[in-house]
Amino acid sequence: MDNALAEQQQKLMQAVANGDRRAFEQLYRLTSPHLFAVALRMLRDRAWAEEILHDCFITVWSKAETYNAALSSPMTWLTHIVRNRCIDWLRSGQIRAAAREAPYSDALLLSENDAPDSWHDDAQAERLRHCLAHLSNEQRQSITLAYYQGMSHSDIADWLQQPVGSVKSWLRRAMDHLRECVGL
């Protein structure tokens, strides 16, 4: 990010901390596209990402005075809020209840429409798809929930209704397979 943009965001954060609604609106317009993309990437659901972004900006409005420019840039601070809120959402019972209504789908893995900046090239993405297809269902689900949904081992065990030890084994064997298959 260029210095002028970072300085503009810092000034807006100071104004928001002082209760300036116009600065808040400007900060929202300036940062929300990036923050929404972060939430959408983590949650994979537009409605949930919109809700998280809304909640995060309410937090920003009420906690702007806690922002410390000496510790991080405004975008880093804002992204941290969004990321943590997404993780909390993923671990909450709300997402489990909603997700149980829809069956598990490998579509969460690597869709053809993934952002171009997320992969160096299409061949690498295709290789990973191929490697993921050779995992057992348990391993593939565990990898998906851990790395695409941000769930912990115990969360995955709860989700799949399996022992934590089994989940850890599935993840370890899946990662070993992926390292060997992809060539990492």
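# Close-up views of an all-helix model

Of the 184 residues in the protein, 38% are buried. The model shown here is predicted, so let's take a friendly walk through it, one view at a time.

**View 1. The whole chain is built from nine helices and zero strands.** Starting at the N terminus, the elements run α-α-α-α-α-α-α-α-α. How much of the contact total, counting pairs with a separation of 6 or more, comes from residues 24 or more positions apart? Such pairs account for 63% of those contacts. On the outside, the protein exposes about 11,000 Å², and carbon and sulfur atoms supply 50% of that area.

**View 2. Helix α1 takes in residues 3–17.** This helix has 15 residues and reaches 21 Å from its first C-alpha to its last, close to the 21 Å expected at 1.5 Å a residue. Look for its buried residues: Ala 6, Gln 9, Leu 12, Met 13, Ala 15 and Val 16. Which helices help to cover the buried residues of α1? The cover includes α2, α3 and α4. A helpful idea for reading such a list is that an α-helix has 3.6 residues a turn, so residues three or four places apart point the same way. Just after α1 you will meet Gly 19, with a positive phi of about 90°.

**View 3. Arg 44 sits in the loop between α2 (21–43) and α3.** Its phi is near 60°, which is a positive value in a residue other than glycine. Is Arg 44 buried or partly exposed? Arg 44 has a relative accessible area of 26%, so it is partly exposed; to count as buried, a residue must be under 20%.

**View 4. Leu 53 belongs to helix α3 (residues 46–63).** With a relative accessibility of 5%, Leu 53 counts as buried. Leaving out residues up to four places away in sequence, Leu 53 touches Tyr 28, Ser 32, Leu 35 and Phe 36. Take Phe 36 from that group: 17 residues separate Leu 53 and Phe 36 in sequence, while their C-alpha atoms are 6.3 Å apart in space.

**View 5. Ser 72 is found in the loop between α3 and α4.** Which residues does Ser 72 touch, not counting those up to four places away in sequence? They are Tyr 67 and Trp 77. The relative accessibility of Ser 72 is 19%, so this serine counts as buried, given that the cut-off is under 20%.

**View 6. Helix α4 covers residues 74–91.** Here you can try a quick length check. At 1.5 Å a residue, the 18 residues of α4 should span 26 Å, and the end C-alpha atoms are indeed 26 Å apart, which agrees. The buried residues in α4 are Pro 74, Met 75, Trp 77, Leu 78, Ile 81, Val 82, Cys 86, Ile 87, Trp 89 and Leu 90. Trp 77, one of these buried residues, is also a residue that Ser 72 touches.

**View 7. Leu 145 is part of helix α7.** This leucine is buried, with a relative accessible area of 5%. What does Leu 145 touch, once residues up to four places away in sequence are set aside? Its partners are Gly 150, Met 151, Ile 156, Trp 159 and Leu 160. Leu 145 and Leu 160 are 15 residues apart in sequence, and their C-alpha atoms are 9.9 Å apart in space.

**View 8. Helix α7 (residues 137–148) meets helix α9 (residues 164–182).** The two axes come within 9 Å and cross at roughly 90°, so α7 and α9 are roughly perpendicular to each other. On the α7 side, the contact is made by Glu 138, Gln 139, Ser 142, Ile 143, Ala 146 and Tyr 147. Facing them in α9 are Val 167, Trp 170, Leu 171, Arg 173, Ala 174, Met 175 and Leu 178. Sorted by class, this contact has nine nonpolar, two polar and two charged residues.

**View 9. Helix α9 has 19 residues.** At 1.5 Å a residue, α9 should span 27 Å; the end C-alpha atoms are 26 Å apart, which agrees. Its buried residues are Val 167, Ser 169, Trp 170, Leu 171, Ala 174, Leu 178 and Cys 181. Among them, Val 167 and Trp 170 also take part in the contact with α7. Just after α9 comes Gly 183, which takes a positive phi of about 90°.

Conventions:
Residues numbered from 1 in each chain as written. Predicted model: local features only at pLDDT ≥ 70, side-chain atom pairs only at ≥ 80, totals over all residues. Heavy atoms only, no water. Axes fitted to C-alpha atoms, helices over the stretch in contact; angles between N-to-C directions. Helix = DSSP H or I, 4+ residues; strand = E, 2+ residues; numbered from the N terminus. Parallel < 35°, antiparallel > 145°, perpendicular 65-115°, else oblique. Contact = heavy atoms within 4.5 Å. Nonpolar A, V, L, I, M, F, W, Y, C, P; charged D, E, K, R; others polar. Expected span 1.5 Å × (residues − 1). Buried < 20%, exposed > 50% of the residue type's maximum accessible area, 1.4 Å probe, protein only. Areas by Shrake-Rupley, 256 points an atom, 1.4 Å probe, with all protein chains shown as cover.
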